[in-house]
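Here is a colleague's note to read beside the model, set out as numbered points. Please keep the structure open while you go through them, and look up each residue as it is named.

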Amino acid sequence: MADHVAERPEYAGDFEGTVHVEYTPHPDDGVADPGEIVWTWVPFEEDHNRGKDRPVLVVGSDGKWLLALILTSKDHDRDAADEARWGRVWLDIGSGAWDRDGRPSEVRLDRVLRIDPAQVRREGAVIGEDVFNQVAAELHKLKS
């Protein structure tokens with residue numbers, strides 16, 4: 001999928017605080033659940049009115065908002081020092097059905113998004129519970 005930059009108003013802002021992570025995927029029920037990777041519009045950090053469609057891992061909720069982490073197929077191990085300098089923390093999660101080319105993915109732990117459930121484009125896949133638990137453990141270490 002090509003990157004598409006879009007204009008979107010009214011982002012609720014990134015979530016700050018402790019995420020109460022839960023693994024409760026229910027694929028194909030039409031609702032994005034924790035443990036599922038879905039596609040949605042993700043605002044840029046520097047300008048929340050601009051962003052692009054990306055895959056995210058749903059990890060919990062905050063009232064009416066889904067809480068999610070950005071996924072990428074870019075290997076940040078190669079530029080780990082530069083990413084750390086900017087405060088970005090990535091965790092390898094392997095490959096899965098969410099990437100049609102089967103590329104390994106990484107999840108970004110330092111930025112927790114608040115996603116409007118109505119903005120979810122489609123359900124992508126369920127991540128394995130062991131990998132989800134690893135993401136949860138690393139997220140809690142970082143955000144505690």
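1. Gln119 sits in the loop between strand 6 and strand 7, and in this predicted model its relative accessibility is 27%, so it counts as partly exposed, given that buried means under 20% and exposed over 50%. Although Gln119 and Asp53 are 66 residues apart along the chain, their C-alpha atoms are separated by 9.9 Å.

2. Arg54 belongs to strand 3, and you may wish to ask whether this charged residue is buried or exposed. Its relative accessibility is 19%, and because buried means under 20%, Arg54 counts as buried. Leaving out residues up to four places away in sequence, Arg54 touches Val38, Trp39, Thr40 and Val42, and also Ile70, Leu71 and Thr72. As for Asp29, which is 25 residues from Arg54 along the chain, the two C-alpha atoms are separated by 21 Å.

3. Arg54 also takes part in the lining of the largest pocket, where Lys52, Arg54, Pro55, Leu71 and Thr72 are the residues that lie nearest the centre, out of 32 that line it. The space in this pocket is about 770 Å³. Two or more lining residues come from each of strand 2 (36–43), strand 3, strand 4, strand 6 and strand 7 (120–126), and strand 3 gives the most, with 4 residues. When the lining is sorted by residue type, 15 residues are charged, 12 are nonpolar and 5 are polar.

4. Which residues have the most contacts inside the largest nonpolar core? They are Leu57, Leu69, Val107 and Val135, in a core of 19 residues. At least two core residues are supplied by each of strand 3 (50–62), strand 4 (65–72), strand 5 (90–94), strand 6 (105–115) and helix 2 (129–143). A second core, separate from this one, has 12 residues, including Val38, Val42, Val58 and Ile115.

5. Leu57 deserves a look of its own, and once residues up to four places away in sequence are set aside, the residues that Leu57 touches include Gly35, Glu36 and Ile37, then Leu67, Ala68, Leu69 and Leu71, and further along the chain Ile127, Phe132 and Val135.

6. Ala68, one of the residues that Leu57 touches, is placed in strand 4, and at 1% relative accessibility it counts as buried. Apart from its neighbours within four places in sequence, Ala68 is in contact with Val56, Leu57, Val58 and Val59, as well as with Arg111, Val112, Leu113 and Ile115. Glu83 is 15 residues from Ala68 along the chain, and the C-alpha atoms of the two are separated by 20 Å.

7. Phe132, another residue that Leu57 touches, brings us to the aromatic rings, for the structure holds 1 aromatic pair. This pair is formed by Tyr23 and Phe132, with 5.1 Å from centre to centre and 55 degrees between the planes, and it is described as tilted. Tyr23 lies in the loop between strand 1 (5–7) and strand 2, whereas Phe132 lies in helix 2, so that the pair links distant parts of the chain, 109 residues apart. The two partners can also be set side by side for accessibility: Tyr23, at 24% relative accessibility, counts as partly exposed, while Phe132, with a relative accessible area of 2%, is buried.

Note on methods. Residues are numbered from 1 along each chain as its sequence is written. This is a predicted model: local features need pLDDT of at least 70, side-chain atom pairs count only at pLDDT 80 or more; totals for chains, interfaces and linings use all residues. Side-chain values use heavy atoms; hydrogens and water are left out. A nonpolar core is a set of buried Ala, Val, Leu, Ile, Met, Phe, Trp, Tyr and Cys residues joined through side-chain atoms within 4.5 Å. Buried means under 20% relative accessible area, exposed over 50%, partly exposed in between (1.4 Å probe, protein chains only). Contact means heavy atoms within 4.5 Å. On a 1 Å grid over the protein atoms alone, a cavity is a set of points where a 1.4 Å probe fits but cannot get out, and a pocket is an open set with protein on both sides within 12 Å along at least five of seven lines; lining residues have an atom within 4 Å of a point. Grid points are joined across faces, edges and corners, and a volume is the space filled by probe spheres set on the points. Rings of Phe, Tyr and Trp (its six-membered ring) pair if their centres lie within 6.5 Å; planes under 30 degrees apart count as stacked, over 60 as edge-to-face and the rest as tilted.
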